[in-house]
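Hi everyone, thanks for making time this morning. I'd like to walk you through one structure, so please have a look at the screen.

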Amino acid sequence: MSIADNINSLKKETELINVTLLAVSKTKPVTDLQEAYDAGQRLFGENMVQEMVEKQEQLPADIQWHLIGHLQTNKVKYIAPFVSMIESVDSIKLLKEIDKHAGKNKRVIDCLLQIYIADEETKFGLGFDEAIELLRSEEFAALRNIRIRGLMGIATNTDNEKQIKEEYYELKTFFDGIKTSFFRKDDSFDTLSMGMSSDYKIAIEQGSNLVRLGSTIFGSRPKKNV
Ligand SMILES: *Cc1c(COP(=O)(O)O)cnc(C)c1O
């Protein structure tokens, strides 16, 4: 199947159930992204700042770019002028930096808090308690140029479907609780980003409304870039 075929069939699969499809294009050449774009895809995800900037410069301006990888505070300035959403916010320090550069660019930048749900020490993200602490903090209350749109999580890389299901279930439950406690009157807290190629069907069953798909669309990547 071509990239365009993959986009078309995944769009059919997700649009009907109001799940947003993010095409994760990390490591892939701009010609691949252009093919997805020509098939109608507008939402792309990258995990490296420099790669995203280089691709953004070469591709159509109406692409919406999501950053999905760990972001260092000193790199926020490179993506602040154009990034559509930062899904990988994992500290108040980073959020303050995003707020600062969003302000400089006279923008409000949409963000997701990345929540640590996997049983793997290598993954980034806030613990449940840390996320609550962040949302309760005065530092957070003072930010004007960011908007928290929801949560993102990455499940454990395992074949154990029961474990993946439990991790996504916990994140959905936490999402509902956070919405009730902190965003009751804010309709823009609406995004739960869960699911990649290997587990997106489970994630959707558990309440995801944004799936991040790379290899299912573009084919596999070299191992070290997983
Ligand atoms: C690479 C990546 C994906 C997509 O992975 P696939 O298995 O290729 O679908 C999704 N989310 C994040 C955070 C990633 O880094």
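Let me start with a question: which residues lie nearest the centre of the second largest pocket? Before you trust any answer, keep in mind that this is a predicted model. The ones nearest the centre are T20, M85, R149, T191 and L210, out of 13 residues that line this pocket. The space inside the second largest pocket comes to about 160 Å³. As for its chemistry, the lining divides into 7 polar, 3 nonpolar and 3 charged residues.

Now, over to the ligand. It has 12 residues around it, and K26, S197, R212, S215 and R221 are the closest. Sorted by class, that shell holds 6 nonpolar, 3 polar and 3 charged residues.

For those of you who like distances, here are three. The side chain of K26 places an N or O atom 2.7 Å from an oxygen atom of the ligand. S197 has a polar side-chain atom 2.5 Å from a ligand oxygen. With R212, the partner on the ligand is a nitrogen atom, 2.8 Å from an N or O atom of the side chain. How much of the ligand's accessible area does the protein cover? On its own the ligand has 390 Å², and the protein covers 92% of that.

Finally, let's zoom out to the whole chain. Its secondary structure consists of 10 helices and 8 strands. The radius of gyration is 17 Å, close to the 17 Å from the globule rule for 226 residues, so the chain is as compact as a globular protein of that length. Along the principal axes, its C-alpha atoms fill a box of roughly 50 × 45 × 35 Å.

That's my tour, and thanks for listening!

Methods. Residues numbered from 1 in each chain as written. Predicted model: local features only at pLDDT ≥ 70, side-chain atom pairs only at ≥ 80, totals over all residues. Heavy atoms only, no water. Near = heavy atom within 4 Å. Polar contact = N/O pair within 3.5 Å; in protein donor to acceptor, adjacent residues only side chain to side chain. Areas by Shrake-Rupley, 256 points an atom, 1.4 Å probe, with all protein chains shown as cover. Nonpolar A, V, L, I, M, F, W, Y, C, P; charged D, E, K, R; others polar. 1 Å grid on protein atoms, 1.4 Å probe; cavity = no way out; pocket = protein on both sides within 12 Å on 5 of 7 lines; lining within 4 Å. Points joined across faces, edges and corners; volume = space filled by probe spheres on them. Helix = DSSP H or I, 4+ residues; strand = E, 2+ residues; numbered from the N terminus. Rg over C-alpha atoms; globule rule 2.2 N^0.38 Å.
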